[in-house]
Amino acid sequence: MDFNGRCINFELWFVNEDEQVMEQIYRTLENLIKKDIDEAVRDSCDTIIGLLLYEGFLYKNDDDYYDLLRRVYDYGTAKGIKKFSLVCGVVWDYQVELQKRNLNYNIIEFDYSANAMWQSYRHEHLPNWNSNADRFLFLGGVPDRKNRINLLSKFHDADMLHREKAIWTFFAPTTDQQHSACRQLLAHYTDQQYNDFIKRAENSVDTKYLDSKEYTVASGKQWKQHKILDTEFLKDPNYISQSVFNNTSISVISEGYVFPPACDSRFLTEKTWRAVINRHPFVMADDSVRKNFARERGLTLFDEFFIADYNNNSELDGVVRNIQHFLNIRKTHDEQIQHGVDQNFRAFFNIINKNEQTMEYLRLRYRLSKEEIAYWFRQRSFDHLFRIPDAVHT
């Protein structure tokens, strides 16, 4: 049976307020979804394809969001909608949770982060691995994470933060909260040592993130006032000049932190996929859950070339030791390392091909136009998913 489908954004992160209250955000989101359903029904659509492309169920595995899905379903079926699907871009393994609650949605997997990376680099000449480079690459981000500021401080303590040994990015804390958190994470430093480290560590490879780094702490109203969404970084947060990969031989991956109440780290962001598509070996400074998920996606983690246990909490010293060891042995194991790089490259494109099959399935099964598919799925960023509507208060 064929359906007439309509894609509707089921995510909302901000409203046009100083304070972001989830109850208010969900109320506003529900209002937006219902308006979109009304429009779909007027256009003779009988299927709703809810899009959870950026966060999936990462922050939505709670009763409030499941209740919202139930109300949306009841509203849509009363209007004549016959079928509901959810396309999840990350954290998609939640079908059992829907079944527990008798929510008649089916989840469709679409690796949005990998796909956005491909959109960013698809017209570039992708580099080969340079085994002759004797430096490592560490592309950081929001600083107040153990696998960011703590790990970078350990490279600093090991005398490895030099142009001759590394290319790295580190953006010093800007808000009071970040300052406090970063200082606490490096409480073993004296004030002088801490200040010296921050001064030494601050570094970037371009200006893109510098112009928009406030996005991680901004409110919805500030996003609008400062036009953060219009910055170059937010138009393409994936792309970084390939010269940094050509001039280094291994990446340190410090994946994104999951904030409570979320606890699911079974996803990969641009930090991993950027290294993979640029044919870079890497060490993933993360917990076993995320590392196992990476293996499930077909990636090798190059553990056979490391000598120390490592994670993102208690064994960060192991990351430093492994980088030092890798740089020492890379040339004598270049064929084996190249094999792992090629395996990861193929795994990436297996995912991209699966994404393509999913888009074609959606197009044919739900009679979506190529233009609608391209608008929602063939994007380098999440800016087209981003809305800052006025809040619905009642």
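**Charges and burial in a predicted model**

Student: Is Asp191 buried, partly exposed or exposed?
Tutor: This is a predicted model, and its relative accessibility for Asp191 is 54%. A residue counts as exposed when the value is over 50%. Asp191 is therefore classed as exposed.

Student: Which residue forms a salt bridge with Asp191?
Tutor: Side chains of opposite charge can pair when their charged atoms come close. Here the closest N and O atoms are 2.9 Å apart, and a salt bridge requires them within 4 Å. The partner of Asp191 is Arg183.

Student: How many residues apart are Glu30 and Arg71?
Tutor: The side chains of Glu30 and Arg71 meet in a salt bridge, 2.9 Å from N to O. The pair links distant parts of the chain, with Glu30 in helix H1 (residues 22-42) and Arg71 in helix H2 (residues 63-79). Their separation along the chain is 41 residues.

Student: Is Glu30 buried or exposed?
Tutor: The relative accessible area of Glu30 is 10%. Buried means under 20%. Glu30 is therefore buried.

Student: How does Arg71 count, as buried, partly exposed or exposed?
Tutor: The relative accessibility of Arg71 is 38%. Values between 20% and 50% fall in the middle class. Arg71 therefore counts as partly exposed.

Student: Are Asp286 and Arg290 buried or exposed?
Tutor: The side chains of Asp286 and Arg290 meet in a salt bridge, 2.9 Å from N to O. On accessibility, both Asp286 and Arg290 are buried.

Student: Which residues are linked with Asp63 in a network of salt bridges?
Tutor: By the 4 Å rule, the count in the chain comes to 26 salt bridges. One network of salt bridges includes Asp63. The residues linked with Asp63 there are Glu97, Lys100 and Arg101.

Student: How far apart are the mean positions of the positive and negative charges?
Tutor: The chain has 50 positive and 58 negative charges. Each set has a mean position, and the distance between the two is 2 Å.

Student: What is the radius of gyration of the chain?
Tutor: The chain has 15 helices and 8 strands. For 394 residues the globule rule gives 21 Å, and the chain is close to that, so it is as compact as a globular protein of that length. Its radius of gyration is 22 Å.

Student: What percentage of the residues count as buried?
Tutor: A residue counts as buried when its relative accessible area is under 20%. Of the 394 residues of the chain, the share that meets this is 55%.

Terms used
Residues numbered from 1 in each chain as written. Predicted model: local features only at pLDDT ≥ 70, side-chain atom pairs only at ≥ 80, totals over all residues. Heavy atoms only, no water. Helix = DSSP H or I, 4+ residues; strand = E, 2+ residues; numbered from the N terminus. Rg over C-alpha atoms; globule rule 2.2 N^0.38 Å. Buried < 20%, exposed > 50% of the residue type's maximum accessible area, 1.4 Å probe, protein only. Lys, Arg positive; Asp, Glu negative; His and termini not counted. Charge placed at Lys NZ, Arg CZ, Asp CG, Glu CD.
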